[in-house]
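Subject: Structure handover

Dear colleague,

I am passing the structure on to you with this message, and the notes beneath it set out what was found. Please have it open while you read.

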Amino acid sequence: MGEMARTTEHQLLLGEWACLGILYPGPLHGFAIAARLKPAGDIGRVWSLSRALTYRALDQLTARGYIAPIADEPGTAGGNRTILAATRSGRAQLRQWLATPVAHLRDLRSELLLKLIVAELCGIDVTEMLAAQRAHISDMAQAIHAQVAEHPGDVVALWRSESSDAALRFLDRLPTSIG
């Protein structure tokens with residue numbers, strides 16, 4: 001998955017949220033985080049990052065004060081590995097992000113799925129967020145269905161209609177509590 005541009009100074013990229021989510025349960029070194037973000041990794045199967053982008057994300061999180069180095073340990077190939085941990089501020093930011101529904105249908109596959117995987121990893125209950133997410137998508141679906149009724153040949157509206165219906169079915173099939 002590619003990284004998207006930041007829309008505000010305070011917003012993190014999805015790869016940065018993924019790194020922060022991996023560090024939320026406990027300290028790790030960058031190499032271990034990068035391994036989890038490989039395409040076959042538990043987080044990487046939803047949002048993958050190269051090792052270089054993982055280290056860039058960790059640098060950004062450190063610069064913002066959301067993670068901090070807490071120790072060094074010997075690496076397997078020589079040199080030291082820096083152990084990183086989420087800070088109090090970083091943990092609070094992650095909880096806030098997980099509590100916020102995804103705004104756009106186009107971001108459900110990436111952002112919502114990442115939120116669900118991270119919430120499960122961190123043991124954070126997102127039941128309220130999912131209820132708000134469902135209400136938001138339901139409202140969008142009604143408006144989109146009206147567009148399709150008015151313009152049945154509008155392929156974009158038809159795609160969005162089918163996507164919103166699929167998103168609602170997905171949310172309805174989720175376990176009653178996540179995280």
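The notes below take the sheet, the nonpolar core and one pocket in turn.

Please keep in mind throughout that this is a predicted model.

To begin with the sheet, three strands form an open arrangement in the order 1-3-2, with antiparallel pairing. Strand 1 (28–29) and strand 2 stand at the edges and have a single partner strand each, so one side of each is left without a neighbour in the sheet. Strand 2, which covers residues 67–74, is joined to strand 3 by seven bridges, and within this pairing Ala-68 stands opposite Ala-85 of strand 3. The hairpin made by strand 2 and strand 3 has five residues between the strands, and there Gly-78 takes a positive phi near 90°. On the other side of the pairing scheme, strand 1 and strand 3 are antiparallel and pair over two bridges, with His-29 standing opposite Ile-83 in strand 3.

Turning to the interior, the largest nonpolar core has 47 residues, and those with the most contacts inside it are Leu-20, Leu-94 and Leu-114. At least two residues of this core come from each of helix 1 (14–23), helix 3 (51–63), strand 3 (80–86), helix 4 (88–98), helix 5, helix 6 (127–150) and helix 7, while helix 5 supplies the largest share, eight residues. In soluble globular proteins, nonpolar side chains tend to be buried together. If residues up to four places away in sequence are not counted, Leu-114 touches Leu-14, Ala-18, Ile-43, Val-46, Trp-47 and Trp-97.

Finally, as you may wish to look at the pockets, the second largest pocket has a volume of about 250 Å³. The elements that give two or more residues to its lining are helix 5 (108–122) and helix 7 (155–173), and helix 7 gives the most, with five residues. Which residues line the second largest pocket? They are Leu-105, Arg-106, Leu-108, Arg-109, Leu-112, Leu-113, Trp-159, Arg-160, Ser-163, Ala-167 and Phe-170. By class, this lining has seven nonpolar residues, one polar residue and three charged residues. Helix 5 thus appears in both parts of the description, as an element that lines the second largest pocket and as the source of the largest share of the core.

With best wishes

Key
Residues are numbered from 1 along each chain as its sequence is written. This is a predicted model: local features need pLDDT of at least 70, side-chain atom pairs count only at pLDDT 80 or more; totals for chains, interfaces and linings use all residues. Side-chain values use heavy atoms; hydrogens and water are left out. On a 1 Å grid over the protein atoms alone, a cavity is a set of points where a 1.4 Å probe fits but cannot get out, and a pocket is an open set with protein on both sides within 12 Å along at least five of seven lines; lining residues have an atom within 4 Å of a point. Grid points are joined across faces, edges and corners, and a volume is the space filled by probe spheres set on the points. Helices (H or I, at least four residues) and strands (E, at least two) are DSSP runs, numbered from the N terminus. Ala, Val, Leu, Ile, Met, Phe, Trp, Tyr, Cys and Pro count as nonpolar, Asp, Glu, Lys and Arg as charged, and the others, Gly among them, as polar. A nonpolar core is a set of buried Ala, Val, Leu, Ile, Met, Phe, Trp, Tyr and Cys residues joined through side-chain atoms within 4.5 Å. Buried means under 20% relative accessible area, exposed over 50%, partly exposed in between (1.4 Å probe, protein chains only). Contact means heavy atoms within 4.5 Å. Two strands pair if DSSP finds at least two bridges between them.
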